[in-house]
Amino acid sequence: MPTRLPSRPADLSLAQARRIALRAQGLDRPRRPGGPATMRHLQGVVDRLGLLQIDSVNVLARAHLVPTFSRVGPYDVGLLDRAAGTAPRRLVETWAHEASLVPPSTYRLLGWGRHAFRERWWSASDGFVHEHAAALDEIRAMVRDEGPVTARQVHARFESRHPHAGGGWWDWSVAKEGLERLFRIGEVACAGRTTSFERRYDLVERVLPAHVLAEPEPDEADAVRALLEIGARAHGIGTAGCFADYFRLRSPHVPAALAALVEDGVLAPVTVRGWDRPTYLHRDAELPRRATGRALLSPFDPLVFERRRLEELFGTRYRIEIYVPAHRRVHGYYVLPFLLGDRIAARVDLKADRRAGVLLVQAAHREPAAPGATAGQAAGRVPDGLAASHSGLVPELRAELDLMARWLGLSAVARAPGAHGDLADALL
């Protein structure tokens, strides 16, 4: 059972702060036993996290799919497709912490940000909007009359008039640029993704549930407060910067929203020994007596969003090396931290070789003990009775790799040619 936290300001150890953070994220205990997770379990993850970040890299699995697996285990990814692609939608795509899936009510809270982009892009100085005003009107009409449509479908209409060289990742066609701008300002919405991960654009009123559309859109100050609280609840404990980063809040209303949340008792100032920044505890936060979970975490998992917080909590300095030249990468291309107990115990570079039907381990590195660890932890033993000695960590990590392979429909875990890292030999 979790320890009830005091309502007054508290003094907490780093280990307590870690356990609070893990409980808030649903990562402090073993996954539920039984069969595959259901829509109810997915909804529980969404309610807890508040958003699922989207990323196009598919070397392992799409970024928004992995956090649910990390928390509830194997599940049918079609659940997420239905939640975001069929009415009544439980999730809609928008810009939140980058491109993300959020509940429809949160979509409304982000309206002030869409208005800001409209003002910026529809200003007299924006060349694209004025140069392609007629094309934008045509795109609006096509979405209205034929939606949902993809950028590829719209471009097929435009190609003779707006040829596209396609010279780079962000070298968008007029059709793609126009649709993305209309999406960013909220004139069109995402009705789901195709099997090749293209957005399907449609009218907002055909995507958002009617009861959400009928609600008045909050002003920026109220919305920022609500979004800051969602971030704080998902963190359990953290700084104002951590909470604001959850939805990339760059609003002058953040300080006032933080003060109001403290005044109303939603947040309480606390001290975490060893931290030198003002820290706050959400009133719903719980302190479990132990942390006994185990999970591979996507590079886009909410627990690792804020890199400084991750390093302060777990002693893990983590950077995504996707865009680093191969010869300069330290840990690999698509590296997942491995959570064991209350610390990050390892990190592995994984690739789903779908043609061969195997989960490839391209690198596996053991993490050093977290700062402030006991002598036993420094020697390689995870707290809470979970062994992280070389002989203890390996079977735990291997079991997690086997579970992930089964979830992805892969028949085996295999060592990739040239695999490196101090765990690679022992693991495979």
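What follows is a chat about helix packing, salt bridges and burial in a predicted model.

Visitor: Let's start with helix 9 and helix 10. What makes them oblique to each other?

Guide: Helix 9 covers residues 151-158 and helix 10 covers residues 174-184, and they pack at an angle of about 130 degrees. Roughly perpendicular runs from 65 to 115 degrees and roughly antiparallel starts over 145, the rest outside roughly parallel being oblique. That leaves helix 9 and helix 10 oblique, therefore. Their axes are 8 Å apart, and the crossing of helix 9 past helix 10 is right-handed.

Visitor: Which residues meet there?

Guide: From helix 9 you have Ala-151, Val-154, His-155 and Phe-158, and from helix 10 Val-174, Ala-175, Lys-176 and Leu-179. Sorted by class, the contact has six nonpolar residues, one polar and one charged.

Visitor: And helix 8 with helix 9? Why is helix 8 called oblique to helix 9?

Guide: The angle between helix 8 and helix 9 is about 125 degrees, with the axes 11 Å apart. Oblique takes in angles over 115 that are not over 145, so helix 8 is oblique to helix 9. Helix 8 also passes helix 9 in a right-handed crossing.

Visitor: What sits in that contact?

Guide: Ala-135, Glu-138, Ile-139, Met-142 and Glu-146 of helix 8 meet Gln-153, Val-154, Arg-157 and Phe-158 of helix 9. That breaks down into five nonpolar residues, one polar and three charged.

Visitor: On to charges. How do you know that Arg-18 and Asp-342 form a salt bridge?

Guide: Check the distance: the closest N and O atoms of Arg-18 and Asp-342 are 3.6 Å apart, and the cut-off is within 4 Å. So the pair counts as a salt bridge. Arg-18 belongs to helix 1 (residues 14-25), while Asp-342 is in the loop between strand 11 (335-340) and strand 12 (343-353), 324 residues apart. By the same rule, the count comes to 30 salt bridges.

Visitor: Why do Arg-18 and Asp-342 count as buried?

Guide: Buried means under 20% relative accessible area. Arg-18 has 6%, so it counts as buried. Asp-342 has 3%, so it is buried too.

Visitor: What about Arg-140 and Asp-137: what makes that pair a salt bridge?

Guide: Their closest N and O atoms are 2.7 Å apart, and the limit is 4 Å. Arg-140 and Asp-137 are three residues apart in helix 8 (residues 133-146), so about one helical turn separates them.

Visitor: Are Arg-140 and Asp-137 buried, exposed or partly exposed?

Guide: Buried stops under 20% and exposed starts over 50%. Arg-140 has a relative accessibility of 23%, so it is partly exposed. Asp-137, at 48%, is therefore partly exposed as well.

Visitor: How do you know that Glu-180 and Arg-199 form a salt bridge?

Guide: The closest N and O atoms of Glu-180 and Arg-199 are 2.7 Å apart, and within 4 Å is what the rule asks. Glu-180 is in helix 10 and Arg-199 in strand 6 (residues 199-203), 19 residues apart. Both Glu-180 and Arg-199 are buried. Shared partners join Glu-93, Lys-176, Glu-180, Arg-193 and Arg-199 into one salt-bridge network.

Visitor: Last one: which residues of helix 4 are buried, and what covers them?

Guide: In helix 4 (residues 78-85), the buried residues are Gly-78, Leu-79, Leu-80, Ala-83 and Ala-84. Their cover includes helix 2 (39-49), strand 2 (52-53), strand 4 (98-102) and strand 5 (188-193).

Key. Residues are numbered from 1 along each chain as its sequence is written. This is a predicted model: local features need pLDDT of at least 70, side-chain atom pairs count only at pLDDT 80 or more; totals for chains, interfaces and linings use all residues. Side-chain values use heavy atoms; hydrogens and water are left out. Axes are lines fitted to C-alpha atoms, for helices over the stretch in contact, and angles run from 0 to 180 degrees between N-to-C directions. Helices (H or I, at least four residues) and strands (E, at least two) are DSSP runs, numbered from the N terminus. Angles under 35 degrees count as roughly parallel, over 145 as roughly antiparallel, 65 to 115 as roughly perpendicular and the rest as oblique. A crossing is left-handed if the near helix is turned anticlockwise from the far one by less than a right angle, and right-handed if clockwise. Contact means heavy atoms within 4.5 Å. Ala, Val, Leu, Ile, Met, Phe, Trp, Tyr, Cys and Pro count as nonpolar, Asp, Glu, Lys and Arg as charged, and the others, Gly among them, as polar. A salt bridge is a side-chain nitrogen of Lys or Arg within 4 Å of a carboxyl oxygen of Asp or Glu. Buried means under 20% relative accessible area, exposed over 50%, partly exposed in between (1.4 Å probe, protein chains only).
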